[in-house]
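Dear colleague,

Please find below the structure I promised to pass on to you. My notes on what was found in it follow directly after.

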Amino acid sequence: MKLDLTDMLYALSFALDNVEVEILGVDTGHGRHVAYLALLMGREAGFSEEELRDFVGCCLLHDNALTEFIHDELTNSVMSEGLTVDFSDIAKQAGDKLYHDHSVVGEQNIRLMPFRTNVKNVVLYHHENADGSGPLGMTIAETNLKSQILRLADYVDVACHLANITRDGFEALCEKVRSAKGTLFSEEAIELFVKTVDYDKIFRLHSEDILSCLHEELPKVLLDYSHEEIRNIATLFAKIVDYKSEFTQNHSTDVAKKAEYMARFYGFDDEKAIRFYFAGALHDIGKLVVSNDILEKPGRLTDDEYTTMKNHAAATYYILNQIKEIPDIREWAANHHEKLNGTGYSRGLTEKELSFEDRLMACIDIYQALTEKRPYKDGMSHEKAISILMDMAKKGELDEGIVHDIDQAMMEK
């Protein structure tokens with residue numbers, strides 16, 4: 001499957017940025033800002049174009065384990081202490097543990113990405129200080145230049161609120177960075193920052209489209225990825241989505257598995273089956289832009305809250321629409337709440353506008369939601385779930401033939 005992996009990560013980082021805003025309180029666009037600053041510094045350091053693409057990917061994904069960390073805190077000691085479920089409060093309560101754990105797990109997760117160059121420990125060490133006072137206790141000599149650059153770029157965007165910085169403020173920032181030589185930052189990373197990042201470049205981050213800035217610095221490159229590599233990319237993002245809410249843990253992963261199973265049941269070829277798996281894994285990526293106040297609300301949603309929740313399907317479409325090589329995957333993923341009679345969301349598509357694959361994904365999503373166990377309910381039996389799907393088909397909402405096939409396929413599984 002041909003993809004520009006970096007371009008895809010630009011799109012998916014939009015969803016991750018929303019998580020970072022909710023948990024860390026950083027400025028919108030954090031991942032892409034960090035990637036842009038690190039890209040400038042990495043090019044000055046002499047990294048090859050291939051290395052730069054992989055390095056930018058690491059920068060975009062450096063906080064990939066935040067949802068996993070928060071989920072673990074919710075299901076362990078934090079919840080038992082009766083603390084609020086507010087993400088930012090949990091992050092504050094966790095303190096240094098947040099930086100330690102999400103760096104360690106983030107490094108493990110990044111191994112799923114099909115990077116072609118050495119990015120070992122770049123994410124693992126992105127919170128390490130030059131003097132060894134970071135969460136893992138690693139000094140300059142024990143880390144690597146890429147992680148040191150990422151550390152500095154991350155700090156600059158988080159600590160200095162670049163969206164509102166003035167020229168005088170930028171000069172003060174540079175002095176602050178220089179004064180942290182040997183304590184927070186390595187001398188080499190500081191020299192690269194001072195040499196390549198000026199106020200005009202910082203201003204561009206917020207006055208222009210950040211993606212235009214990134215594309216200008218790192219042109220598009222299409223590469224072939226194996227089915228296993230595509231599966232790994234999809235699995236990582238399904239994991240990030242599923243950990244956003246304890247109510248839906250494993251939902252995207254299981255939808256993806258059932259999507260591939262049904263694809264093979266219908267005789268899709270290997271290429272189409274893995275694309276359908278990809279769509280299943282990413283169908284709920286729009287939920288990353290929905291506040292957990294809504295995702296985790298135990299009671300009935302208000303009309304306004306329900307409208308916000310429904311926007312996740314439109315957000316999925318928006319995010320995937322930025323990846324030009326996957327228009328089919330975009331449709332299959334984003335249309336999973338559409339109904340044949342036009343009563344679905346977010347686009348109100350009708351039977352004539354919904355492909356067979358769209359209809360199949362909708363049925364799989366509902367079947368999975370009904371049969372999976374959640375903190376507030378046990379999963380339904382296969383028979384009960386099929387009965388509900390068949391009722392929906394009789395009302396003109398779902399494809400009755402597909403419901404019959406899912407009944408047969410899942411009974412045989």
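The lining of the second largest cavity comprises 5 nonpolar, 6 polar and 2 charged residues. Please note that this is a predicted model. The second largest cavity encloses about 70 Å³, and among the 13 residues that line it, Glu128, Ala130, Thr143, Gln148 and Leu184 lie nearest its centre.

In total, the structure holds 5 cavities of 30 Å³ or more. The largest cavity has a volume of about 100 Å³. Its lining consists of 13 residues, and those closest to the centre are Thr6, Arg53, Asp54, Leu223 and Tyr225. Helices α1 and α3 (49-60) are the elements that give two or more residues to this lining. By type, the lining of the largest cavity divides into 7 nonpolar, 1 polar and 5 charged residues.

I turn next to the nonpolar core. In soluble globular proteins, nonpolar side chains tend to be buried together. The largest nonpolar core here contains 118 residues, of which Phe193, Phe237 and Ile406 touch the most other members. Helix α1 (residues 5-24) gives the most to this core, namely 10 residues. If residues up to four places away in sequence are left aside, Phe193 touches Met41, Leu152, Val156, Phe170, Leu173, Cys174 and Val177.

Phe237 belongs to the buried residues of helix α13, together with Ile230, Ile233, Ala234, Leu236, Ala238, Ile240, Val241 and Asp242. The length of this helix can also be checked. Helix α13 covers residues 227-242, which is 16 residues; at 1.5 Å a residue these should span 22 Å, and the end C-alpha atoms are indeed 22 Å apart, so the two values agree.

Two points of backbone geometry may merit your attention when you view the model. Which peptide bond is cis, with omega near 15°? The bond in question runs from Tyr345 to Ser346, and Ser346 is placed in the loop between α18 (327-334) and α19 (356-371). The second point concerns Asn121, a residue other than glycine whose phi is positive, near 70°. Asn121 lies in the loop between α7 (96-110) and α8 (145-160). Is Asn121 buried or exposed? Its relative accessibility is 16%, and because buried means under 20%, Asn121 counts as buried.

With kind regards

Key: Residues numbered from 1 in each chain as written. Predicted model: local features only at pLDDT ≥ 70, side-chain atom pairs only at ≥ 80, totals over all residues. Heavy atoms only, no water. Core = buried A, V, L, I, M, F, W, Y, C linked by side-chain atoms within 4.5 Å. Buried < 20%, exposed > 50% of the residue type's maximum accessible area, 1.4 Å probe, protein only. Helix = DSSP H or I, 4+ residues; strand = E, 2+ residues; numbered from the N terminus. Contact = heavy atoms within 4.5 Å. 1 Å grid on protein atoms, 1.4 Å probe; cavity = no way out; pocket = protein on both sides within 12 Å on 5 of 7 lines; lining within 4 Å. Points joined across faces, edges and corners; volume = space filled by probe spheres on them. Nonpolar A, V, L, I, M, F, W, Y, C, P; charged D, E, K, R; others polar. Expected span 1.5 Å × (residues − 1).
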